[in-house]
Amino acid sequence: MFAPFRTIAITALAGAIAAPAIAEEVNLYSYRQPELLKPLTDAFTEETGIRVNVAHLDKGMVERLQAEGDRSPADLVFTVDISRLAAVVEAGLTQPVESETLLANVPDAYHDPDGHWWGLTTRARVVYASKDRVADGEVTTYEDLADPKWQGRICTRSGTHPYNVALVSAMIHHHGEDYTKTWLEGVKSNLARKPQGNDRAQVKAIWAGECDISLGNTYYMGAMLQDDEQKEWADSVRLIFPVFENGGAHVNISGVAMTKAAPNRENALKMMEFLTSPKAQKIYAQANFEYPIAPGTEADALVKSWGSFTADDTNLMDLAKLRPDALKLIETVDFDG
Ligand SMILES: [Fe+2]
């Protein structure tokens, strides 16, 4: 989810633009929430002395970078979902980054072969299932969500949300368009209500008895457990990690890219390398309940308690390319209607 526009952060960045004499700094444009980034930027500044200025955006990153052109103060862009990273790259707003450290820390599946985008953490899109009304082993695959046994039992957010578009893209990758269209129709006919709300709202609906299972990203379990009201919702469900019949669990990434116009290129590279270090990966994974990607790093104990899974090994760039096809299918079956 996107954070609201932060006036304070923007003011700080505007101040930085007006004072170019301060060399040791790096500027981020971020779709990630401030509370997720702050522990990381603090640790980076502590280690390197480089000041980090963050502009938190809730939309329009591509348009803003385009409008600013060569004069953009942004060095790095932070976002979640491969489709959003791919959008910035495809708009020609990034530059390739070569780094032995990044290559060593980021598995091949999670970075652009040309170095334009780099993954920092992963999250799986899984099933939240009622502890009371869903038996062990009742759902094991994504394909199974179209089975009539789920009639009136599934809740989800809009089919056109990037999280669901990526999942549908993966289904097309594994089974082709015809199969995926039939699958989408099957899932739609199993919905307990029209798609609405965010991933957490679906868990609330399970808690309230409106449906038995929902689709959601893993880290929302951690987020709900930290919230007094939402903890009850989280306590009513358990996570199930489905797989594709011919693959693994669907994962996506949070990631970073260096802008084409980056005025502080060296500091930006230092920040990217820092973010993939075991130290930063641990901070990141604890702050946002995602899965770290660097070799030798482990998820937070709470995250590990939800279960283990094998991630689908589909190249994320392949999913980004299927996004238009996925959106078209979702609209063809009128998934949200
Ligand atoms: Fe999210």
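This report describes a predicted model, beginning with its iron ion and moving on to a helix and several loop residues.

## The iron site

Three tyrosines supply the protein donors of the iron ion, namely Y163, Y219 and Y220, each through its OH atom, and these donors lie 2.0 to 2.1 Å from the ion. Along the chain the donors follow the spacing Y-x55-Y-Y. Because Y163 lies in helix α6, which covers residues 162-175, while Y220 lies in helix α9, which covers residues 219-225, this pair ties together parts that are 57 residues apart in sequence. Y219 also belongs to helix α9.

The relative accessibility of Y163 is 4%, so this residue counts as buried. Y220 is buried as well, with a relative accessible area of 3%, and Y219, at 8% relative accessibility, again counts as buried. In the UniProt record, an unreviewed entry, the annotation "binding site" covers Y219 and Y220.

## The surroundings of Y219

Besides its place at the iron ion, the side chain of Y219 makes a polar contact of 2.9 Å with the side chain of Y163. When neighbours within four places in sequence are left aside, the residues in contact with Y219 are R123, Y163, N288, F289, E290 and W306.

## Helix α3 and its buried side

Helix α3 runs over residues 61-68, and within this helix M61, V62, L65 and E68 are buried. These residues cover an arc of only 135 degrees around the axis, which means that they sit on the same side of α3. An α-helix has 3.6 residues a turn, so residues three or four places apart point the same way.

The buried residues of α3 pack against two strands, β1 (25-30) and β3 (76-80), and against the helix α4 (82-90). Just after α3 comes G69, which takes a positive phi of about 55 degrees.

## The loop between β4 and β5

Strand β4 covers residues 118-130 and strand β5 covers residues 154-155, and D132 is found in the loop between them. R153 has its place in this loop between β4 and β5 too. D132 has a relative accessibility of 72% and therefore counts as exposed, whereas R153, with a relative accessibility of 15%, counts as buried.

The C-alpha atom of D132 is separated by 9.9 Å from that of W207, although the two residues are 75 residues apart along the chain. For R153, a polar contact of 3.1 Å joins its side chain to that of E138. Leaving aside neighbours within four places in sequence, R153 is in contact with R133, V134, E138, N190, A192, C211, D212 and I213.

## T276 between two helices

T276 is placed in the loop that lies between α11 (265-275) and α12 (278-288). Its relative accessibility is 1%, and T276 therefore counts as buried, the cut-off being under 20%.

The side chain of T276 takes part in a polar contact of 2.9 Å with the side chain of N105, and it also reaches the backbone oxygen of E273 at 3.0 Å. With neighbours within four places in sequence left aside, the contacts of T276 are L102, N105, V106, L120, Q281 and A294.

Note on methods: Residues are numbered from 1 along each chain as its sequence is written. This is a predicted model: local features need pLDDT of at least 70, side-chain atom pairs count only at pLDDT 80 or more; totals for chains, interfaces and linings use all residues. Side-chain values use heavy atoms; hydrogens and water are left out. Helices (H or I, at least four residues) and strands (E, at least two) are DSSP runs, numbered from the N terminus. Buried means under 20% relative accessible area, exposed over 50%, partly exposed in between (1.4 Å probe, protein chains only). A polar contact is a pair of N or O atoms within 3.5 Å; within protein, one must be able to donate a hydrogen and the other to accept it, and residues adjacent in sequence count only if both atoms are side-chain atoms. Contact means heavy atoms within 4.5 Å. The arc is that of the directions from the helix axis to the C-beta atoms. Donors are N, O and S atoms within 2.8 Å of the metal (3.2 Å for Na, K and Ca); water is not among the atoms, so sites may look incomplete. UniProt positions are given in the numbering used here, feature names are shortened, and annotations may be inferred rather than shown by experiment.
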